[in-house]
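Biologist: Please take a close look at one helix of this model and at what lies around it. Start with the cysteines, then put the helix in the setting of the whole chain.

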Amino acid sequence: MLLNILYAVIGIFLIVIIFSAWARRKLYRIVDELENRKIEMMNEPVQEELAKIKGLTMSGETEERFEQWRAEWDHIITKLLPNIEEKLFDVEELANHYRFLKAFRETKQISYELDEIYKQMQYVIEEVKELVESEEQNRAEIDDVKHMHDAAVKKINSEEKNLGGAASVIERELEEAAEQLRSFEDHTASGNYLQAREILSNVKKQIEELTVLADQVPQYLIKLKTDIPGQLSELASGITEMEDDGYPLHHFSFRDALQRNNEKAADLIQEVENLRLSACDEPIREMEDEIKSIYDKLEKEAVARNEFEANYADLIDMTEKAERNLINLNEEADNIRVNYRISDHDEARLSRLEDDVNQLRQQVSAVEDAISEQTKTYTVLDASVKENFAKAEEVSEEIEEVKAALHQLRNEENSANELLQSLNDKYTRALKRLKQTNIPGVPATLAAKCEEAEERLDELEGLLNSVPLSIDDITKKAEEAENDVEEAITQIYHTIHQAHFAESAIQYGNRYRSDNDHVNIILLQAEDRFRNALYDEAVETAIEGIEKVEPDARYKLEELFGSNASASQSK
């Protein structure tokens with residue numbers, strides 16, 4: 001037990017020794033790293049950068065900044081970095097006394113303080129560089145800026161006529177720039193290099209902008225004083241000329257637009273001479289677009305007049321043609337009504353055509369009034385004429401369609417007469433064939449169908465003999481008659497076929513009568529149905545009896561007698 005405790009104590013002691021050795025080595029390594037950082041910071045070229053300032057004029061802003069930066073650097077060297085050295089020594093002492101946690105916290109604090117000191121040093125270096133570079137840039141650029149100023153002054157003097165009122169504005173701006181250059185010299189002489197740098201940059205930018213404006217202003221003035229007024233004047237002359245030639249242009253309010261744009265151009269000239277060019281771009285585009293729009297409208301009006309004159313003549317011809325054709329159509333319709341009844345649909349079309357032609361006359365008159373009174377532009381008139389010409393073409397086409405429909409009445413009458421004659425011939429041949437068969441009688445259903453077919457033929461004939469003829473009624477009745485007659489003829493030939501089939505089947509079955517009483521009885525029943533004109537039942541009854549002794553009799557009888565009967569039907 002005691003031995004275990006001893007081992008545990010020894011183990012803990014070893015762990016503590018090992019941890020202490022590891023922690024102490026790590027702290028020493030961190031202290032060395034921080035010491036190296038401190039040394040590197042002490043070797044930063046701050047003093048060298050400050051020495052560069054001594055070559056400048058040591059007065060004013062330069063002197064103030066130099067004293068400030070030197071004081072900051074002295075404070076870093078004499079106070080802050082020595083404090084860091086002491087703190088690093090304290091960390092080593094803490095490590096030697098096994099106060100590792102506090103020692104680690106102190107190293108973090110020291111690292112943070114070194115970071116802050118480094119930032120402060122870099123700030124001083126950057127400001128020194130900025131000051132020195134400003135002086136160098138000022139010295140390098142001042143001659144170029146002065147040359148730019150002189151060149152701009154010469155340009156303004158040579159282009160004064162082209163610049164108009166803008167010349168005096170630019171000259172004032174250049175005088176202000178010259179004053180700023182003198183201020184630059186004063187600041188430089190006073191050691192205020194940063195302020196001098198700002199002044200020089202602003203002056204350079206100002207001169208560059210004025211130079212660009214000096215190039216742009218003449219273009220704007222030419223556009224506003226010459227190009228746009230010239231186009232407006234040309235439009236005014238063209239409008240007057242077209243109005244004298246009979247164009248009704250007062251509907252467009254062109255003259256108001258021309259006056260408005262002339263006033264706008266005068267206002268924009270003032271903006272240009274005050275160098276507010278960007279404020280002129282959109283209004284100038286709007287004026288140019290409106291001028292182009294007026295040109296386009298005038299061109300369309302001129303084209304519309306040329307097309308109108310040709311289209312209007314065509315409309316008059318087409319309207320007069322429609323009037324003549326409608327008169328002829330009405331006369332023809334009156335003649336047709338003597339013998340035929342025109343359908344309600346075609347009568348409605350005739351009435352509507354009368355309204356359409358009257359409307360075309362009114363439209364032609366309206367166009368004549370608009371021309372004489374100048375109440376509409378040619379663009380509008382031409383569109384109206386084209387629309388009415390299309391309507392006139394539709395009216396003429398419908399007149400021809402109605403005319404063709406009226407002519408068709410006679411063709412449909414002839415077709416109905418031909419159909420009546422054909423149906424009578426076919427029906428007569430079928431009845432004649434029925435009588436020639438000498439069958440015992442006619443089935444009641446066939447007799448009824450024949451009576452119905454004859455009634456339809458009589459009705460069709462009556463309609464064809466009536467005055468005036470109703471072609472719609474005739475067409476409908478002809479269709480009914482054709483259906484009924486075809487059904488009657490079909491039933492006639494079916495009856496003939498079935499009668500022959502029944503008779504042949506009974507004759508075929510007679511061979512079994514003497515040997516089979518049952519077959520004999522069934523055949524007697526078939527004969528009875530045959531005599532009573534029930535031919536379909538006679539066929540089925542005869543086959544039923546024969547099948548008692550000959551099971552495949554139906555197929556055999558149909559092969560023998562069905563085809564013969566069909567062949568006889570087609571003759």
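Modeller: Cys 280 has a relative accessibility of 0%, and since buried means under 20%, this cysteine counts as buried. Cys 450, with a relative accessibility of 8%, counts as buried too. A disulfide is a covalent bond between the sulfur atoms of two cysteines. The structure holds zero disulfides. The model is a predicted one, and what follows should be read as a description of that model.

For the overall setting, the protein has 571 residues, and 38% of them are buried. Its secondary structure consists of 16 helices and two strands. If contacts between residues at least 6 apart in sequence are taken, 78% of them join residues that are at least 24 apart.

The helix to look at is H8, which runs over residues 254-273. With its 20 residues, H8 reaches 29 Å from the first C-alpha to the last, close to the 28 Å expected at 1.5 Å a residue. Its buried residues are Phe 254, Ala 257, Leu 258, Asn 261, Ala 265, Leu 268, Ile 269, Val 272 and Glu 273. Viewed down the axis of H8, these residues fall within an arc of 130 degrees, so they line one face of the helix. Asn 261 and Glu 273 are among the buried residues. Just after the helix, Leu 275 takes a positive phi of about 65 degrees.

On the other side of H8 in sequence is the loop that joins helix H7 (193-244) to H8, and Tyr 247 lies in that loop. A pair of aromatic rings is described by the distance of the centres and the angle of the planes. A search of the whole structure finds two aromatic pairs. One of them is formed by Tyr 247 and Tyr 378, with 5.7 Å between the ring centres and 75 degrees between the planes, which is an edge-to-face arrangement. Tyr 378 belongs to helix H11, so the pair ties together parts that are 131 residues apart in sequence. Tyr 247 is buried, with a relative accessible area of 9%, and Tyr 378 is buried with a value of 9% as well. Tyr 247 also has a charged neighbour: Arg 305 lies over the face of its ring, at 4.6 Å from the ring centre.

Helix H11 covers residues 378-436, and Leu 381 is in this helix. Leu 381 is buried, at 3% relative accessibility. Not counting residues up to four places away in sequence, Leu 381 touches Phe 308, Val 367, Ala 370, Ile 371 and Lys 376. Tyr 312 is 69 residues away from Leu 381 along the chain, and their C-alpha atoms are separated by 9.1 Å. Farther along H11 comes Glu 398, which counts as buried at 15% relative accessibility. Its contacts, leaving aside neighbours within four places in sequence, are Arg 349, Arg 352 and Leu 353.

Helix H7, on the far side of the loop, holds Ile 228. This residue is buried, with a relative accessible area of 1%. Beyond four places in sequence, Ile 228 is in contact with Lys 223, Ile 284, Met 287 and Ile 291. From Ile 228 to Ile 291 there are 63 residues in sequence and 8.5 Å in space, C-alpha to C-alpha.

The other aromatic pair consists of Phe 530 and Tyr 535, again edge-to-face, with centres 5.4 Å apart and planes at 70 degrees. Both Phe 530 and Tyr 535 are buried. Tyr 535 is also listed with the buried residues of helix H15, alongside Ala 538, Val 539, Thr 541, Ala 542, Ile 543, Gly 545 and Ile 546. H15 covers residues 535-546, and its 12 residues should span 16 Å at 1.5 Å a residue; the end C-alpha atoms are 17 Å apart, which agrees. A further charge over a ring is found at Tyr 508, where the charged end of Arg 511 sits 3.9 Å from the ring centre.

Notes
Residues numbered from 1 in each chain as written. Predicted model: local features only at pLDDT ≥ 70, side-chain atom pairs only at ≥ 80, totals over all residues. Heavy atoms only, no water. Disulfide = S-S within 2.5 Å. Buried < 20%, exposed > 50% of the residue type's maximum accessible area, 1.4 Å probe, protein only. Helix = DSSP H or I, 4+ residues; strand = E, 2+ residues; numbered from the N terminus. Expected span 1.5 Å × (residues − 1). Arc of directions from axis to C-beta. Contact = heavy atoms within 4.5 Å. Phe/Tyr/Trp six-rings, centres within 6.5 Å; stacked < 30°, edge-to-face > 60°. Lys NZ or Arg CZ within 6 Å of the ring centre and 35° of its normal.
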